[in-house]
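Thanks for coming, everyone. I have one model to walk you through, so let me put it on the screen.

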Amino acid sequence: LHYVPNQHAKCLRGSSSNTIGLYGNPYASVLEQSLFHEISVELSHHGYNLSISYGFGENTANQSIRNLLAYGVDGIIITRTENPMKNENFDNVPYVFTPSAGVEGYDVVVDHAAGTKEAMKTLISAGKKSAVFLTQTTLDGFYQEANRQKYKGIAEALKEIGTTPAILTLEDYDGEGDIIVERLRQLMPDVLFCCNDYIAGRMVS
């Protein structure tokens with residue numbers, strides 16, 4: 001009969017909604033979108049759905065969490081750097097805090113420093129001895145922790161051969177691609193690391 005159960009009604013009578021909520025970045029990168037897809041596929045293998053809510057800033061974050069809770073999700077995955085679950089009385093909901101970098105209180109995190117260090121060591125073994133790290137802004141600030149970790153890994157690998165990676169930021173050149181390319185030509189690095197796929201794509205184009 002193609003009957004579709006009403007999830008809200010199921011929640012009212014205490015049943016599982018078979019749905020996991022995900023609170024993420026409103027400006028999800030291609031890699032994040034791929035991650036969300038993989039999570040959705042894996043959950044479907046276990047009979048679960050994925051409901052995504054985005055937010056930026058404390059008020060929007062809290063509202064996003066409330067929206068997920070109103071749907072009756074069985075648990076929540078937090079993928080942003082801040083954790084709104086500790087802002088209000090959300091203690092009765094199981095959640096996993098998996099930020100983009102190893103900030104305080106994380107449950108699961110990507111080791112960016114180990115990843116970029118391994119990548120740079122592989123490049124060094126191929127004869128590459130200099131690198132530039134291209135980022136959107138300076139590495140100061142709470143939201144730059146992932147990029148600080150990425151740079152740290154590159155620097156640790158190059159330190160072993162007595163060199164240091166240079167840093168270029170888009171804001172220093174007002175985002176002017178031609179000027180940045182000219183600066184890269186002056187530096188002539190063996191390797192260019194871009195902090196995200198948007199910047200990498202822009203450099204390729």
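I'll start with the whole chain, then take the two sheets and the helices on them.

First point: this is a predicted model. Please keep that in mind throughout.

Now the overview. The protein chain has 7 helices and 7 strands. Read from the N terminus, the elements go α-β-α-β-α-β-β-α-β-α-β-α-β-α. There are 205 residues, and 36% of them count as buried. The exposed surface is about 12100 Å², with 52% of that coming from carbon and sulfur atoms. What about contacts? Take those in the protein chain with a separation of 6 or more: 61% are between residues 24 or more positions apart.

On to the sheet with four strands. How are its strands ordered? The order is S2-S1-S3-S4, the sheet is open, and the pairing is parallel. S2 and S4 are the edge strands, and each pairs on one side only. On average, neighbouring strands here are turned by 20 degrees against each other, direction ignored. Look at the S3 and S4 pair. They are joined in the parallel sense over 3 bridges. Within that pair, Ile-76 has Tyr-95 of S4 as its bridge partner. H3 packs on this sheet, where it touches S1, S2 and S3. The direction of H3 makes about 170 degrees with that of S1.

Let me stay with H3. It covers residues 58-71. Is its length what we should expect? At 1.5 Å a residue, 14 residues should span 20 Å, and the end C-alpha atoms are 20 Å apart, so the two agree. Which residues of H3 are buried? They are Ala-61, Asn-62, Ser-64, Ile-65 and Leu-68. Why do they share one side of H3? Because they cover an arc of only 160 degrees around the axis. Cover for these buried residues includes strand S1 at 19-24, strand S2 at 49-54 and strand S3 at 75-78. Now turn to the face of H3 away from the buried side. That face carries Asn-59 and Ala-70, both exposed. After H3 comes Gly-72, with a positive phi near 85 degrees.

Next, the sheet with three strands. Here the order is S6-S5-S7, again an open sheet with parallel pairing. S6, at 166-169, and S7, at 191-194, stand at the edges. Each has a single partner strand, so one side of each is left without a neighbour in the sheet. Neighbouring strands of this sheet are turned by 25 degrees on average, direction ignored.

Both pairings involve S5, residues 131-135. S5 and S6 pair over 4 bridges, in the parallel sense. There, Thr-135 stands opposite Thr-169 in S6. On the S7 side, 4 bridges join S5 to S7. Val-132 is found opposite Leu-192 in S7.

What do the side chains of S7 do? In a regular strand, side chains alternate between the two faces of the sheet. S7 shows that alternation. Val-191 and Phe-193 point to one face and are buried. Leu-192 and Cys-194 point to the other and are not buried.

Last element: H5, residues 145-159. This helix lies across S5, S6 and S7. It runs at about 175 degrees to S5.

That's the tour. Over to you for questions.

Note on methods: Residues are numbered from 1 along each chain as its sequence is written. This is a predicted model: local features need pLDDT of at least 70, side-chain atom pairs count only at pLDDT 80 or more; totals for chains, interfaces and linings use all residues. Side-chain values use heavy atoms; hydrogens and water are left out. Helices (H or I, at least four residues) and strands (E, at least two) are DSSP runs, numbered from the N terminus. The expected span of a helix is 1.5 Å times one less than its number of residues. Buried means under 20% relative accessible area, exposed over 50%, partly exposed in between (1.4 Å probe, protein chains only). The arc is that of the directions from the helix axis to the C-beta atoms. Contact means heavy atoms within 4.5 Å. Two strands pair if DSSP finds at least two bridges between them. Axes are lines fitted to C-alpha atoms, for helices over the stretch in contact, and angles run from 0 to 180 degrees between N-to-C directions. Accessible areas come from the Shrake-Rupley method with a 1.4 Å probe; for residues, only the protein chains shown count as cover.
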